[in-house]
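Work through these exercises with the model open in front of you. Try each task before reading its solution.

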Amino acid sequence: MSENVLHMDHVTMQFGGVVAVNNLTLDVNRGEIVALIGPNGAGKTTAFNCITGVYEPTNGRVDFLGKPMVENHPQGKMKKLYAGEDHGSYPKVLAPTPDRITKLGIARTFQNIRLFSALTVFENVLIAKHMRAKQNFLTATLRLNYKEEQRMRREATELLAEQDLLRLKDEVAGSLPYGLQRRLEIARALATGPQLLLLDEPAAGMNPQETLELTAFIHEIRDKYGLTVLMIEHHMDLVMEISDRIYVLDFGRCIAEGTPAEVQNNPRVIDAYLGVDEDG
């Protein structure tokens with residue numbers, strides 16, 4: 001039986017009278033590449049925001065590696081974030097903020113690239129390495145953490161070499177071509193040491209050749225780093241080529257789930273999404 005990495009249990013996200021995600025249940029198992037698709041405004045990015053601590057769901061539960069990150073009920077809201085190393089202990093009660101969720105092992109990229117555009121390629125990756133640094137204000141000020149800093153710099157260099165970005169390490173991130181900026185954003189996410197990687201429209205703005213290279217790249221990093229991947233994507237050729245399973249959202253509800261072949265031939269999906277022109 002496959003190990004469950006992410007479980008969303010009847011998650012709802014409501015903004016006033018607007019229900020952006022409606023009773024969503026979703027599972028992602030170890031080593032899978034799972035796609036979350038649907039028309040613009042279907043609630044896909046909102047679902048990502050519920051996973052990564054940007055939003056606290058109105059209702060429902062989000063588990064990571066069998067431990068609750070968020071669990072809210074209408075009778076009385078309750079927030080939990082697993083924060084310890086002892087998996088036999090009950091979670092400490094903490095706000096499920098993006099930084100804490102990243103430290104648990106969930107990394108994310110965004111539809112609109114969010115690099116530190118004025119910093120170099122190397123500096124972007126090194127900053128991500130600092131997510132797991134043990135230094136504090138005192139040790140950093142007195143340079144007592146120099147061994148840890150050397151290790152992080154070495155690991156950042158090795159990661160850039162693995163991702164074929166080392167030749168660009170001193171280039172300003174904002175000056176890179178679009179496809180390389182996407183690759184750098186994924187490399188920066190990898191630098192946090194994730195087990196689950198969330199990709200929000202990684203092929204957005206890419207030409208056909210860049211999209212083809214991205215398909216191979218996602219497969220490569222999944223296998224190389226032992227990752228599990230959940231991705232939002234509008235590029236249907238990429239989705240059908242790369243996904244093990246697909247969930248389809250429409251107006252915040254999941255209307256279909258299955259293999260690419262099953263989803264592609266589902267009449268509800270065709271009516272809601274695949275049978276109409278995309279807005280982009």
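**Exercise 1. A salt bridge near the start of the chain**

Is Arg30 buried, partly exposed or exposed, going by its relative accessible area? Then find its charged partner.

*Solution.* Keep in mind that this is a predicted model.
- Step 1. Buried means under 20% relative accessible area, and exposed means over 50%. Arg30 has a relative accessible area of 32%, so Arg30 is partly exposed.
- Step 2. The partner is Glu3: the two side chains meet in a salt bridge, 3.2 Å from N to O.
- Step 3. Place the pair. Glu3 sits in the segment before β1 (4–15), and Arg30 sits in the loop between β2 (18–29) and β3. They are 27 residues apart, and the pair links distant parts of the chain.
- Step 4. Check Glu3. Its relative accessibility is 41%, so Glu3 counts as partly exposed.

**Exercise 2. A buried pair**

Find the distance between the closest N and O atoms of Arg245 and Glu32. Then decide how covered each residue is.

*Solution.*
- Step 1. The closest N and O atoms of Arg245 and Glu32 are 2.8 Å apart, and the two residues form a salt bridge.
- Step 2. Arg245 belongs to strand β10, while Glu32 lies in the loop between β2 and β3. The two are 213 residues apart.
- Step 3. Apply the 20% cut-off. Arg245 has 15% relative accessibility, so Arg245 counts as buried. Glu32 has 13%, so Glu32 counts as buried too.
- Step 4. Count the salt bridges: the structure holds twelve.

**Exercise 3. Inside helix α6**

Test the length of α6 against the expected span. Then explain how Arg182 and Glu185 are placed along the helix.

*Solution.*
- Step 1. α6 has 13 residues. At 1.5 Å a residue, they should span 18 Å. The end C-alpha atoms are 19 Å apart, which agrees.
- Step 2. Look at the covering. Ten of the 13 residues of α6 are buried, and the helix is mostly covered. Among the buried ones are Gly179, Leu184, Ile186 and Leu190.
- Step 3. Arg182 and Glu185 are three residues apart in α6, so about one helical turn separates them. Their side chains meet in a salt bridge at 3.6 Å, N to O. Both Arg182 and Glu185 are buried.
- Step 4. Now look for shared partners. Salt bridges that share partners join Glu32, Arg245 and Glu257 into one network.

**Exercise 4. Helix α7 from end to end**

Which residue caps the N-terminal end of α7? Follow the helix from there, and check its length.

*Solution.*
- Step 1. The cap is Asn207: one of its side-chain oxygens lies 3.1 Å from the backbone nitrogen of Gln209.
- Step 2. α7 covers residues 208–225, which is 18 residues. At 1.5 Å a residue, the expected span is 26 Å. The end C-alpha atoms are 26 Å apart, which agrees.
- Step 3. Just after α7 comes Gly226, with a positive phi of about 65 degrees.
- Step 4. The buried residues of α7 include Leu214, Phe217, Ile218 and Ile221. What covers the buried residues includes α6 (178–190), β8 (196–200), β9 and α8.
- Step 5. Zoom in on Leu214. Beyond its neighbours within four places in sequence, Leu214 contacts Ile186, Pro202, Ala203, Met206 and Leu238.
- Step 6. Leu214 is also among the residues with the most contacts inside the largest nonpolar core, which has 47 residues. A second, separate core of 28 residues includes Val21, Val28, Phe64 and Leu198.
- Step 7. Link this to a general trend. In soluble globular proteins, nonpolar side chains tend to be buried together.

**Exercise 5. Two loop residues**

Which polar partners do the side chains of Glu233 and Ser243 have?

*Solution.*
- Step 1. Glu233 is in the loop between β9 (228–232) and α8 (236–242). Glu233 is buried yet has no salt bridge. The nearest side chain of opposite charge, Arg182, is 7.5 Å away.
- Step 2. Turn to backbone nitrogens. A polar atom of the Glu233 side chain lies 3.0 Å from the backbone nitrogen of Ala203. The backbone nitrogen of His235 also lies 3.0 Å from a polar atom of that side chain.
- Step 3. Ser243 is in the loop between α8 and β10 (245–250). Its relative accessibility is 8%, so Ser243 counts as buried.
- Step 4. The Ser243 side chain reaches the backbone oxygen of Val239 at 2.7 Å.

Definitions and conventions:
Residues numbered from 1 in each chain as written. Predicted model: local features only at pLDDT ≥ 70, side-chain atom pairs only at ≥ 80, totals over all residues. Heavy atoms only, no water. Helix = DSSP H or I, 4+ residues; strand = E, 2+ residues; numbered from the N terminus. Buried < 20%, exposed > 50% of the residue type's maximum accessible area, 1.4 Å probe, protein only. Lys, Arg positive; Asp, Glu negative; His and termini not counted. Salt bridge = Lys/Arg side-chain N within 4 Å of Asp/Glu carboxyl O. Polar contact = N/O pair within 3.5 Å; in protein donor to acceptor, adjacent residues only side chain to side chain. Expected span 1.5 Å × (residues − 1). Contact = heavy atoms within 4.5 Å. Core = buried A, V, L, I, M, F, W, Y, C linked by side-chain atoms within 4.5 Å.
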